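Thanks for coming, everyone. Please look at the screen while I talk. I'll keep this brisk.

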Amino acid sequence: MQTVLLTGFEPFDQDLMNPSWEASRQLDGVRLSEDVHIVARRLPCAFATAGTCLTRLIAEFDPVMVIATGLAPGRSDFSMERVAINVNDARIPDNLGAQPVDTPVVVGGPAAYFTTLPIKAMVKAVREAGIAASVSQTAGTFVCNQVFYLLQHALAGTAIRSGFIHVPPSLPDQVSGAAQPSMALVTMVEGLRVALQTAWDTQVDIVQTGGQVS
């Protein structure tokens, strides 16, 4: 049985839950084909340990594809991330109290890495399932971007496709007012399942606009 590794993060910034993990863990064991299944694992939200944990999981499961997920407060849809940049610039401390400012993720590493997932096809499929999704041009500069960069760095030059998806806050678990961006967890789970299935089934991405004016 081949493995697709799916990761989510532990809660951070005083939240009691992180929907990236709550959605991911519900897909643990789900099959994408007869001989491919999902293994979901949680990462720490800490600059010093998240990458080490990810590296250990890749070595343990020898996955054929890796998709990391994280929470993006203020967003209302699935954000299929296009690019990870070689910068840590933390607005808040991580769960170990670290707050790096303007430091490289990898000293001497490339300025950026692009996803190797078919993100346009993934956006299209999730939208066709009736769930909001878009291509995102920035994964931020917190631990999510760090993990995304380290993931692409570790798998560069291999045949293992990988990338990052940001999810919105979960309603009603994290959002007190209906006007704030959010998504029901059950919807999030289905959107994530569709995204992973599409990523596995699609070898060559579609040509479809996903850019932004600013």
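I'll go through some strands, then three residues, then a pocket. One thing up front: this is a predicted model.

Let's start with strand S4. It covers residues 65–71. Is S4 buried or exposed? Buried: 7 of its 7 residues fall in that class, so S4 is largely enclosed by the rest of the structure. Take the two faces in turn. On one side sit Met65, Ile67, Thr69 and Leu71, all buried. On the other side are Val66, Ala68 and Gly70, and they are buried too. So both faces of S4 are covered, and the cut-off behind that word is under 20% relative accessible area.

Now, what does S4 pair with? S1 is one partner, in the parallel sense, over 4 bridges. To find that pairing on screen, look for Leu5, whose bridge partner in S4 is Val66. S11 is another partner: 7 bridges join S4 to S11, and the two run parallel. Here, look for Leu71, which stands opposite Val167 in S11.

Go back to S1, residues 2–9. Besides S4, S1 pairs with S3, residues 36–43. That pairing is parallel as well, over 8 bridges. Phe9 is a good marker: its bridge partner in S3 is Leu43.

S3 has another neighbour to show you. Strand S2, residues 31–33, pairs with S3 in the antiparallel sense, over 2 bridges. Ser33 stands opposite Val36 in S3. How many residues lie between S2 and S3? There are 2, and the two strands form a hairpin.

On to single residues. First up is His166. You'll find His166 in strand S11, residues 161–167. His166 counts as buried, because its relative accessibility is 3%. Which side chain does His166 reach with a polar contact? The side chain of Glu81, at 2.7 Å. Setting aside neighbours within four places in sequence, His166 also has a list of contacts, among them Gly70, Leu71 and Ala72. Arg75, Ser79, Ala139 and Cys144 are on that list as well.

Next, Ser136. This residue is in strand S10, residues 133–136. Ser136 has 5% relative accessibility, so Ser136 counts as buried. What does Ser136 touch, leaving out neighbours within four places? Arg75, Ser79, Met80, Glu81 and Arg82. Notice Glu81 there: that is the residue whose side chain meets His166.

The last of the three is Thr187, in helix H5, residues 185–201. Thr187 is partly exposed, because its relative accessible area is 29%. With neighbours within four places left aside, Thr187 is in contact with Phe78 and Ile131. Phe78 is also in contact with His166. For a sense of scale, take Thr187 and Ala46. They are 141 residues apart along the chain, and their C-alpha atoms are separated by 27 Å.

Finally, the pocket. A quick word on the idea: rolling a probe the size of a water molecule over the atoms shows where empty space is left. The largest pocket here has a volume of about 490 Å³. Which residues come closest to its centre? Of the 23 lining residues, they are Phe12, Leu71, Ala72, Pro73 and Arg91. Leu71 you have met already, in the buried strand S4. By class, the lining has 12 nonpolar, 6 polar and 5 charged residues.

That's the tour. Over to you.

Key
Residues are numbered from 1 along each chain as its sequence is written. This is a predicted model: local features need pLDDT of at least 70, side-chain atom pairs count only at pLDDT 80 or more; totals for chains, interfaces and linings use all residues. Side-chain values use heavy atoms; hydrogens and water are left out. On a 1 Å grid over the protein atoms alone, a cavity is a set of points where a 1.4 Å probe fits but cannot get out, and a pocket is an open set with protein on both sides within 12 Å along at least five of seven lines; lining residues have an atom within 4 Å of a point. Grid points are joined across faces, edges and corners, and a volume is the space filled by probe spheres set on the points. Ala, Val, Leu, Ile, Met, Phe, Trp, Tyr, Cys and Pro count as nonpolar, Asp, Glu, Lys and Arg as charged, and the others, Gly among them, as polar. Two strands pair if DSSP finds at least two bridges between them. Buried means under 20% relative accessible area, exposed over 50%, partly exposed in between (1.4 Å probe, protein chains only). A polar contact is a pair of N or O atoms within 3.5 Å; within protein, one must be able to donate a hydrogen and the other to accept it, and residues adjacent in sequence count only if both atoms are side-chain atoms. Contact means heavy atoms within 4.5 Å.
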